[in-house]
Amino acid sequence: MKKLYVFMALLVVASMALSACGGGAPTAEDCSKEDVFCVGLVTDVGKVNDKSFNQSAWEGVQQAQAEGNADVVQFIETADAKDYAKNIAQFGDAGYDVIVTVGFGLGEATNAAAATYPNVRFIGVDQFNAETVAGVSGLNFPEDNAGFLVGALAAAMSESHKIGAVCGTDVVPPVWRFGEGYKAGAAYADGMNGTTTEVFVVYHSDVGFDKTFTDPEWGATTAKSMMDQGADAIFGCGGLTGNGAVSAAAQAGKYGIGVDKDQYFELTDAAPRMLSSAIKLITPGVAKLIAAAKAGTLEDGNVFGDAGYAPYHDLDSSVPDEGKKMMEELNKGLLDGSIKTNVPPVKP
Amino acid sequence: MQSEKQSGSLTRQILQSISEASLVPFLAILTAVIVGGIVILFVGGDPILAYRGLLQGSFGSTKALSETAIWATPYIFAGLAVALAFKGGLFNIGAEGQLAVGAVVSALIGYALPEWLGFDVPAIIHLPLVVVFGVIMGGVWAGIVGALKAYTGGHEVINTIMMNYIALNTTSFLLNGVMKDRSPTNVIARTPLIADSARIPPIFEGLRVHWGFVLALLTAFFIWWLLTKTTLGFQIRTVGLNPDAAKYAGINVKRIVILTMALSGMLAGLAGVIEVSGLNYRHELGFSIGYGYDAIAIALLGKSHPLGVVLAAILFAAMRNGATRMQFLTQMPVDLISMLQAFILLFVAADAIIRYIYRIKSKGERVVLTRGWGG
């Protein structure tokens, strides 16, 4: 027993010594003050280091802090869907100025919280609201533009004039927009170059939500069957399923194209054969909206961030100069609106 | 439990038996908190702040208390389900699946009954129907396993796990298919919202805690009464302790095994019903995931006693609920909570560790959990 008491006493002393450090910079407890600008982020069921949208959004919040647009930033990782409201309330009750909620799943909880906390600006990443909700800005992305760009690139680079895309379920609008944009981009490049490219796009809609984005074997098999039919560039759009397709293409010595962020750094086995990635600029998008919220210029309703394509990295020397020039023109055209993908926001 | 000495009043005896029974779990929790604190120190966190956050987030305000009660509600039902099966010598790993089928059926009755009938059903009829159908579905789901055990000897551990797969994949199929919310903006695999008449009302205005929590406490009392004061309860416990003896004493063991599983499934089904009808107002893929497995831990920690289950459920609920506040204050990963729970269970299951550290003599009594394989 004696040893135990000594041990516990040591523990208490040690923890007190540790908690005594710190101080100076504003903390979460200062957020109720008017001059302290606080940004909280609530993830969807997942972590802030998921190498996907939760992480990108959190990096956006951190970027906003680095740019001086937020004094205090905190995150809460949602562990269970029934905690959405509670986790948002944690920030709302603490007097935070901006709350970023990440993912379609938090849409309803975000809209409900906006009514409870009228003084808080809400930024909903990937939340498209058909009707404007006061206090909520939905940050969406023109995935069709990103798909369009890599589709054009794939069509221009293909020697067999056959290209493929392996995607998650088309029930999720962003995924569908990636896939349809890919088709439109290939057709646009054909029009410019006078070629005819056959495009295979397959959605993994035959399984449930728990499986559609997490099925790399299916992705690899589907990509292989496309390559058997002659395809020499594969766009993987849909989480791990798409990653499987990209890796399979790289292994076969074909071109692989990533999605959401520059996957060159993530799919290291496929990196030498990664032509590009169709990217959603979530991090700068979130940072920009936080800056606007700080300046008081952020408006309610749907806001569209930017989409683009990643650098060619290892294959930079394989892409001819006219190809690079075409891509720059297309990107510019999509950004200024002179080129349109003609893909509707949701599957009709 | 009956003390042979007649000295001391009955209440004193009860208090003494409670304090003896709860000593090891209590010390296990204390030890887990200390070990958890050391881990927090190791990863550079502040244990005092973390535990303060945990307490504030779970009991620090009326809102926090309300949210803890919300977490505790399904935990109590599912924990009772597993505990009841333990008392009957059965290991019900299937609470997860029974909970899911209960949730699906209650959601279906909740949103579709008015459509089928073509008129609004008054709450006094609708709500009981929602509850009863969900409960029956959970009971049937587990009863199948009980019947397999009774008539073919198929082990309930294997069969409940298999039934979990069937339940969860069927749920996924239904929520992506015929039961999916067809409103144009919805892309999530979930049912439409249930009718107002199918909802369990909140107890207080402005807080989410609903009458399901009270029902959970009453159910715990009922299970205690059933197990200790009725013939059926005596039969369940006897079969649990020694089925051969039970058989020679004239108990229909097959009937009791099926009944125990069915009752256990009904309780787990009720956990699913209460989540749909009292909190979420719909069922969605990914809702209520893992509660059936947490329930096993809760039944173990509560030593399969209804009161113990309620206390263990509230503890687990407080930890899950307080985790948010803890992360808010310290930015520590919420996984820490799972680790704490694992430590508690480790010390409860391997109570020799606790008895050694705190020099507690074993009384030689053991809680019967299951009879193991082929029993």
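**Exercise 1.** Determine where A:His204 lies in this predicted model and whether A:His204 is buried or exposed.

*Solution.* Step 1: The relative accessible area of A:His204 is 1%. Step 2: A residue counts as buried under 20%, so A:His204 is buried. Step 3: In the chain, A:His204 belongs to the loop between β7 and α7 (209–212) of chain A. Step 4: Leaving aside residues up to four places away in sequence, A:His204 touches A:Cys167, A:Gly168, A:Thr169, A:Thr212, A:Asp215, A:Trp218 and A:Thr241.

**Exercise 2.** Describe the open sheet of chain A that contains β7, and state which helices pack on it.

*Solution.* Step 1: The sheet has 6 strands in the order β7-β6-β8-β9-β10-β12, and their pairing is mixed. Step 2: Its edge strands are β7 (198–203) and β12 (307–309) of chain A, since each pairs on one side only. Step 3: On average, neighbouring strands of this sheet are turned by 15° against each other, direction ignored. Step 4: Helix α6 (residues 173–193) of chain A packs on the sheet and touches β6 (162–167), β7, β8 (233–237), β9 (255–260) and β10 of chain A. The direction of α6 makes about 175° with that of β7(A). Step 5: Helix α9 (residues 239–251) of chain A also packs on the sheet, where it touches β6, β8, β9 and β10 of chain A. The direction of α9 makes about 165° with that of β8(A).

**Exercise 3.** Establish in which sense strand β10 of chain A pairs with β12(A), and which residue stands opposite A:Ile279.

*Solution.* Step 1: Strands of a sheet pair through backbone hydrogen bonds, either parallel or antiparallel. Step 2: Strand β10 (residues 274–280) of chain A pairs with β12(A) in the antiparallel sense, over 3 bridges. Step 3: Opposite A:Ile279 stands A:Gly308 in β12(A).

**Exercise 4.** Characterise strand β5 of chain A by its burial and by its pairing with β4 and β11 of chain A.

*Solution.* Step 1: Strand β5 (residues 136–140) of chain A is mostly covered, with 5 of its 5 residues buried. Step 2: A:Val136, A:Gly138 and A:Asn140 point one way from β5(A), whereas A:Ser137 and A:Leu139 point the other way. Step 3: Strand β4 (residues 121–125) of chain A runs parallel to β5(A) and is joined to it by 4 bridges. The bridge partner of A:Phe122 in β5(A) is A:Val136. Step 4: Strand β11 (residues 301–304) of chain A likewise pairs with β5(A) in the parallel sense, over 4 bridges. Here A:Ser137 stands opposite A:Gly301 in β11(A).

**Exercise 5.** Classify the angle between helices α2 and α3 of chain B, and then that between helices α1 and α13 of chain B.

*Solution.* Step 1: The axes of α2 (residues 47–59) and α3 (residues 62–87) of chain B come within 5 Å and cross at roughly 80°. Step 2: Angles of 65 to 115 degrees count as roughly perpendicular, so α2(B) is roughly perpendicular to α3(B). Step 3: The residues of this contact divide into 3 nonpolar, 4 polar and no charged. Step 4: Helices α1 (residues 10–42) and α13 (residues 335–349) of chain B pack at an angle of about 140°, their axes lying 8 Å apart. Step 5: α1(B) and α13(B) are therefore oblique to each other, and α1(B) passes α13(B) in a right-handed crossing. Step 6: The residues of the contact of α1(B) with α13(B) comprise 15 nonpolar, 2 polar and no charged.

Conventions:
Residues numbered from 1 in each chain as written. Chains lettered and ligands numbered in written order. Predicted model: local features only at pLDDT ≥ 70, side-chain atom pairs only at ≥ 80, totals over all residues. Heavy atoms only, no water. Pairing = 2+ DSSP bridges. Helix = DSSP H or I, 4+ residues; strand = E, 2+ residues; numbered from the N terminus. Axes fitted to C-alpha atoms, helices over the stretch in contact; angles between N-to-C directions. Contact = heavy atoms within 4.5 Å. Parallel < 35°, antiparallel > 145°, perpendicular 65-115°, else oblique. Nonpolar A, V, L, I, M, F, W, Y, C, P; charged D, E, K, R; others polar. Left-handed = near helix turned anticlockwise from the far one by under 90°. Buried < 20%, exposed > 50% of the residue type's maximum accessible area, 1.4 Å probe, protein only.
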